[in-house]
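Look at the model below and find the bound ligand. The paragraphs that follow start there and then move out to the rest of the chain.

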Amino acid sequence: MRSLIDILELSVEELDELIALAEDIIANPAKYQESCRHKKLATLFFEPSTRTRLSFEAAMYELGGDVLSMSSAGSSSAAKGESVADTAKTVSCYADIIAMRHPKEGAPMVAAMNAGIPVINAGDGGHNHPTQTLADLLTIWREKGKFTGLTIGLCGDLKFGRTVHSLIAAMARYTGNRFVLISPEELKLPSYVKKDILEKNGIEYIQTTDLEKALPELDILYMTRVQRERFFNEEDYLRLKDSYILTPEKLKKGRADLSILHPLPRVNEISVGVDADPRAVYFKQVLNGKYMRMALILKLLEVEV
Ligand code: CP
């Protein structure tokens, strides 16, 4: 029985297999439509979500399975003080696999240690969001056809952005990638990510506050939202929230083969005018997330199709 808490728990070979499986699901959906018949996924979301929860649920339905859904902490016995461990033990009496989002770093790991069924981390605080990374990887694969030799710009909240931390960890395992870290001083990438992932592996990176200057050299621009829910005071959030706003005008500096990703939701950081640009692939990324979650559910439930 295996869970997924951190993207690095999947080897590069396993990532390749998941991508190949997702591609086969896209090409042959009917082949998979009964593959999780009589299996149940429990989605335990202690933080708001649109894409991650609904794509997990759509994924399980498209595999022929069923879903037990808890969409807020307030609607569960967590509101009465129940621990994550007890919640996990309880839900494992009803479901075959759990997807959990929690504001506390490490909560899905505690659930995995207690559940006795696979637990998928669907985002834990400012820490990790491995299934978003699976969506990001399939998008990069489909747009670029490779994971190597790319200049990847990450822009916005690199401090609390859990999707950024997971994506850097994943892409750092492939050769020849370099990172351009674009953020305000206050929202720079945490030093543990720089030291433990980038510097330890000798990966080239630069830090800058200037998006427009960085744009012309990028193969991928990964925009992120400044997350109000991670700030301790509103004043800091208001000061930083519009640090970067990508517009069609600014995008003129980007290459013709640039791919613009964003884990979404967006607030102001990408103007709606950018959506029509063929380089904007963030809604394709949303759909890719569903296919990668289907592939992951099949893998963790050890379903052979
Ligand atoms: N990308 C992402 O995690 O979106 P949601 O918060 O809507 O799930």
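Which residues are around the ligand? They are Ser-49, Thr-50, Arg-51, Thr-52, Arg-101, His-129, Gln-132, Pro-263 and Leu-264, where a residue counts if one of its heavy atoms lies within 4 Å of the ligand. By class, this shell has 2 nonpolar, 5 polar and 2 charged residues; Pro and Leu count as nonpolar, Arg as charged, and Ser, Thr, His and Gln as polar.

This is a predicted model, in which local features need pLDDT of at least 70 and side-chain atom pairs pLDDT 80 or more, while totals for chains, interfaces and linings use all residues. Residues are numbered from 1 along each chain as its sequence is written, and side-chain values use heavy atoms, without hydrogens and water.

Some residues of the shell make polar contacts with the ligand (pairs of N or O atoms within 3.5 Å). In the side chain of Thr-52, an N or O atom is 2.6 Å from a ligand oxygen. Gln-132 has a polar side-chain atom 3.0 Å from a ligand nitrogen, and a polar backbone atom of Pro-263 is 2.8 Å from a nitrogen of the ligand. The ligand alone exposes 260 Å², of which the protein buries 91% (Shrake-Rupley method, 1.4 Å probe).

The chain is divided into domain 1 (7-127 + 289-300) and domain 2 (130-285), with bounds from an automatic or database assignment. Both domains give residues to the shell, so the ligand lies between them. Their C-alpha centres lie 25 Å apart. The contact between them (heavy atoms within 4.5 Å) takes 29 residues from domain 1 and 25 residues from domain 2.

How values were computed
Polar contact = N/O pair within 3.5 Å; in protein donor to acceptor, adjacent residues only side chain to side chain.
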